[in-house]
Amino acid sequence: MTDQTGDSHSIAIIGMAGRFPGAKNVDELWQLLKSGRHAVSRPSAAELEAAGVTSAFTGHPNYVNACVKLDAYDRFDAEFFGYSPLQATSLDPQGRLFLECVWEGLEHAGYDPTSYDGVIGIFAGSGANHYLERYRDEIVELNAGNHHQTSLDGDKDFLTMRASYKLGLNGPSMAVQSACSSSLVAVHLACQSLLTFESDVVLAGGVSIKLNQSYGYLYEEGGIASRDGNCRPYDADASGTIGGSGCGVVVLKRLDEAIRDGDEIHAVIRSTAVNNDGADKAGFSAPGIKAQTQLIASAMAFAKLTPTDIGMVEGHGTGTVLGDAVELTALNESFGASQSGQRWCALGSIKSNIGHLDTASGVTGLIKAVLCLKNKHFVPTLHFAKPNPALETPGNPFFVNTEYVPWPDHGKPRRAGVSSFGMGGTNAHVIVEEAPARGAGPGGDASQLFLLSAHTGEALQQLSAELASYIEARPQLDLAKMAYTLQIGRRRLAHRRVVVATTREELIRALREAPSDAQAVHDSHLNRPVIFMFPGQGSQRSGAVQSIYDSEPFFRARIDECADLFKVHLGIDVRPFICQAEDVESASAINATLITQPAVFTVGYSLARLWMHWGVTPAGLLGHSVGEYIAACISGVLPLPDCVKLLAARARLVDAQPGGAMLAVRRSMDECRPWLKNSLSIAAINSASQCVISGASEDIDEAAGMLAAADIEHHRLPVSHAFHSSMMDQAMQGLEQAAQGCRHGSPRLPYISCVTGKPVRESDAIGPQYWARHLREPVNFQAALTSATTGGATILLEVGSGHALCSLARQQFGASPDYAYVGSLASHGKSGRTDLLSKLGSLWSLGANIDWNLFHGGTPPGRIGLVAYPFQRQRYWVKPFEKSEGRHSTRQRPLLAQDRAGDIKVQPDGVAAANEWTGLEAQVAGFWQEVLGIPSIRRTDTFMSLGGDSLIALRVIARIDDEFGVKISTRVLISATGTVEEVTRELVAKLADGLSAGEMSEYMSGLDAVVSDSESSVTE
């Protein structure tokens, strides 16, 4: 690949992640490197004994008491990735670690595959599956003899495809195997995938886990293992390396697109090259000078660079006698002699710190080089005392750096070469350059909305605390970039919390406080639709939107647009009443119909447009009385100028009618009829237990007296006229005439009529006669709300002042968890941008799907690397067969390192009492526990949600067939509704086939009797 920084062929490194000896992430790796720490351990005698190491081994004259440990490599967050305990235990630990690092890499880059529009690919390699080698019989036993499942869980071929499946990556997914160079070859292939536009974002890396991490090894003269456990790259006394375990992942993107999209760029890949030694070497496992020389020279030529442009080489550096000599010779030949006699190029190898990570070594070296570029420092290569003779050749440009020192600025971008050579001859070299300067953030003191989510409540608390500490340690972090990354670059998980903050201190303080608004979103509530509800007359409040008008330009423009239109038709400017500080005069004047109706419309319309501008797309619209004009306008039935003109006419016509009054009564429509005397009418049916009556003031007074005497709850509405009563009859004709000149269209967004209580279809006649009826007939809010929520779980957003419609909706739906209620503006006091951001966060917390690209418009702040997800890891490891048992002794199942099986426990979880489980259901639940290794089952759990898949489903089907002699379908198990109850229903249907009703009843009674003795062990 060829390029120059800034052109379309450069590749940006936009994310990094990894787990390394002595460092659980990339940040800790940098601290280890800059401090010159050594990750090699020297186990004590007690530790060796605990690891089962014999004295015969440790007493061998060639025994080297040194090892490189990777912490918690036996632990995994199985539930997070949807694995059952048994399958997690069967899975290659390398695959488990790789899954977590891929997730962390994408988070560090700020990309969520489920919301990103582009194609994400992945290339990576893994080491030998030592876990399967050591425990093959136990793992096969764990999988009930299913060798196919064992292969899927343990074979190298499935490393990347498993990650693509679990994380939703739809680009190329390829396992790369070239021994030690695998992960850097993966980087090369990832760059090619980007340059050929196969992918838009690509992950590349590698993983290797060795199981002998608690004891040393036997030194062999001439081998690759070090004589004393120290790796001394390029030192005259180097005797080899030491094996380690780890995982590294980088996330790549075309540079021009990364700059365009505001990604954080950690470094730029200028070129990559790969070749093989072929036969031109001493033996298959020996390195070749010619190929390595050609490789490095080619990489520089492709990048259009000269040797003096390279300030650092992160070498393969295994510290072996032959390997170092060949590598140094190839470097000397490819760089050429220094004409100035100066040694300008720092040479080192991370293997001196953390050992040789095998298939993960190449990408780990790349990550080290990127960290040096980012921090503009060289880090020490350890154990270097006397140069290898190949470093002493005349004109040699290389020096082995042994201190933490600044990387000099020579007036050009800093660049590093990274080499990785695979045993067998496949070589890879990458030239990487420091990132271009990034522009400053938007700055300012605007409030920001920070979203956090996790798979469990415990993880959410941990994420909050770790993010607070991360921000506290990095005062340079930009708040807007942090908020944007959390909004657009993280997966939306079930447990959610929202923080609105303006300063770092405010954000840190809020993150450390116990969340009062954390939500747990049920699967059925994810992407819940949002219904906009527009309140009518009576919701008006002077000065209600002053703060939002002052701080939010888009909202201000919508207010001004409406106000200017109303001023043309009414000669009144509504802005002083809704956008200025409240005073006694405006508080009283806003209740006059000529001001109220334009004010209610202007506030509701502008808020609706702001919500949509912020990425909230309504699934339905309905308005109460005057509020329906807003719904009609937003839906596209009435264009804004026509809608304003019609509503202005309505306000004038109503204002000309005699005054009247309205009374809200906590009774049903039928219960209110006895009080409908003289001029009184039912004006609104708000719920099954609340109506509004309307009419002349004296008649309302009389009705209020009777209601009070009967101790019936009621209250007078702040209106000047008797809307939706016979007192509007005189205005109907004038309003119909005014509507004659309005354009009417078909709804582009679903819109519910509060006249009919039904959705307005394209064929419905919404015209002049409709608006006349709308003025006179009752507001059927109850029916309209029912129509708007027929799809199930819904968020009802009141778009206007107060929470009156939310209260009515609560009366209708009660405490049902399927319905959530959010008000835009407070009933009292002032609402500002911060309050609206909190409401937007509430919508997200409740399961609404927010388009954050819309929220940020055309100028997103950009992404930034943040703290990774805190996986809630547990130990998953097979329990080896005891020697007395031998191999294949019995079909035993307690193979887990921790006994997770136990007795099946069926949890009621509030859906049904435990004693409602039938004996047959309990037996089916037991089969699930057997194949999944889970400790308990809830009635709402599905087979797939517990970590099942189509292959594991076959084992359940086989168990049912063995027990009952019938086969149920795979479909019922892997369906979205495949609960124990559903599977049992299918089983009963199969059992009933061919039996009479009496025979079936007798059979089931006998079955329940058989399992009744064990019910105490399957319920709690």
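A residue counts as buried when its relative accessible area is under 20%, as exposed when that area is over 50%, and as partly exposed in between. The exercises below apply this and similar rules to a predicted model.

**Exercise 1. Aromatic pairs**

Task: Determine what kind of aromatic pair Tyr131 and Tyr135 form, and whether each of the two residues is buried or exposed.

Solution.
Step 1. A search of the whole structure yields 31 aromatic pairs. In the pair of Tyr131 and Tyr135, the ring centres are 5.6 Å apart and the planes meet at 70°.
Step 2. Two rings pair if their centres lie within 6.5 Å, and planes over 60 degrees apart count as edge-to-face. Tyr131 and Tyr135 therefore form an edge-to-face pair.
Step 3. Both residues belong to helix H6 (residues 130-142); because they are four residues apart there, about one helical turn separates them.
Step 4. Tyr131 has a relative accessible area of 2% and is therefore buried. Tyr135 has a value of 9% and is buried.
Step 5. A further edge-to-face pair consists of Tyr770 and Trp771, with 5.1 Å from centre to centre and 85° between the planes. Tyr770 and Trp771 are both buried.

**Exercise 2. An aromatic cluster and charges over rings**

Task: State which residues form one aromatic cluster, and identify the rings over which the charged ends of Arg558 and Arg863 sit.

Solution.
Step 1. The cluster is made up of Phe76, Phe80, Phe81, Tyr83, Trp103, Tyr869 and Phe871.
Step 2. The charged end of Arg558 is placed over the ring of Phe554, at 4.5 Å from the ring centre.
Step 3. For Arg863, the ring is that of Tyr111, and the distance to its centre is 3.8 Å.

**Exercise 3. Salt bridges**

Task: Establish which parts of the chain are tied together by the salt bridges Glu314 with Lys368 and Glu552 with Arg833.

Solution.
Step 1. Side chains of opposite charge can pair when their charged atoms come close. In the whole structure, 38 salt bridges are found.
Step 2. Glu314 and Lys368 meet through their side chains at 2.8 Å, N to O. Glu314 is part of strand S12 (residues 312-314) and Lys368 of helix H14 (residues 361-375), so this pair ties together parts that are 54 residues apart in sequence. Both Glu314 and Lys368 are buried.
Step 3. Between Glu552 and Arg833, the closest N and O atoms are 2.9 Å apart. Glu552 lies in the loop between helix H18 (546-551) and helix H19 (553-570), while Arg833 lies in helix H31 (residues 833-845); the pair therefore ties together parts that are 281 residues apart in sequence. Glu552 has 9% relative accessibility and so counts as buried.
Step 4. Arg575 and Asp573 form another salt bridge, with 3.0 Å between the closest N and O atoms. Arg575, at 17% relative accessible area, is buried, whereas Asp573, at 22%, is partly exposed.
Step 5. Salt bridges also link Lys253, Arg260, Asp261, Asp263 and Arg863 in a network. Arg863 is the residue whose charged end sits over the ring of Tyr111.

**Exercise 4. Cavities**

Task: Describe the lining of the largest cavity and of the second largest cavity.

Solution.
Step 1. The structure contains 10 cavities of 30 Å³ or more.
Step 2. The largest cavity has a volume of about 120 Å³. Its lining consists of 15 residues, and those nearest its centre are Leu451, Ser453, Leu486, Arg490 and Arg491.
Step 3. Helix H5 (93-109), strand S19 (448-454) and helix H16 (479-488) are the elements that each give two or more residues to this lining. Strand S19 gives the most, with three residues.
Step 4. By type, the lining of the largest cavity comprises nine nonpolar, two polar and four charged residues.
Step 5. The second largest cavity holds about 90 Å³ of space. Its lining also has 15 residues, of which Ser539, Ala599, Val600, Val603 and Ser801 are closest to its centre.
Step 6. Helix H22 (residues 593-613) gives the most to the lining of the second largest cavity, with four residues. That lining divides into nine nonpolar, five polar and one charged.

**Exercise 5. A residue in helix H12**

Task: Classify Ala325 as buried, partly exposed or exposed.

Solution.
Step 1. Ala325 is located in helix H12 (residues 321-335).
Step 2. Its relative accessibility is 27%, so Ala325 counts as partly exposed.
Step 3. From Ala325 to Ile289, the C-alpha to C-alpha distance is 9.2 Å, and the two are 36 residues apart in sequence.

Conventions. Residues numbered from 1 in each chain as written. Predicted model: local features only at pLDDT ≥ 70, side-chain atom pairs only at ≥ 80, totals over all residues. Heavy atoms only, no water. Phe/Tyr/Trp six-rings, centres within 6.5 Å; stacked < 30°, edge-to-face > 60°. Buried < 20%, exposed > 50% of the residue type's maximum accessible area, 1.4 Å probe, protein only. Lys NZ or Arg CZ within 6 Å of the ring centre and 35° of its normal. 1 Å grid on protein atoms, 1.4 Å probe; cavity = no way out; pocket = protein on both sides within 12 Å on 5 of 7 lines; lining within 4 Å. Points joined across faces, edges and corners; volume = space filled by probe spheres on them. Nonpolar A, V, L, I, M, F, W, Y, C, P; charged D, E, K, R; others polar. Salt bridge = Lys/Arg side-chain N within 4 Å of Asp/Glu carboxyl O.
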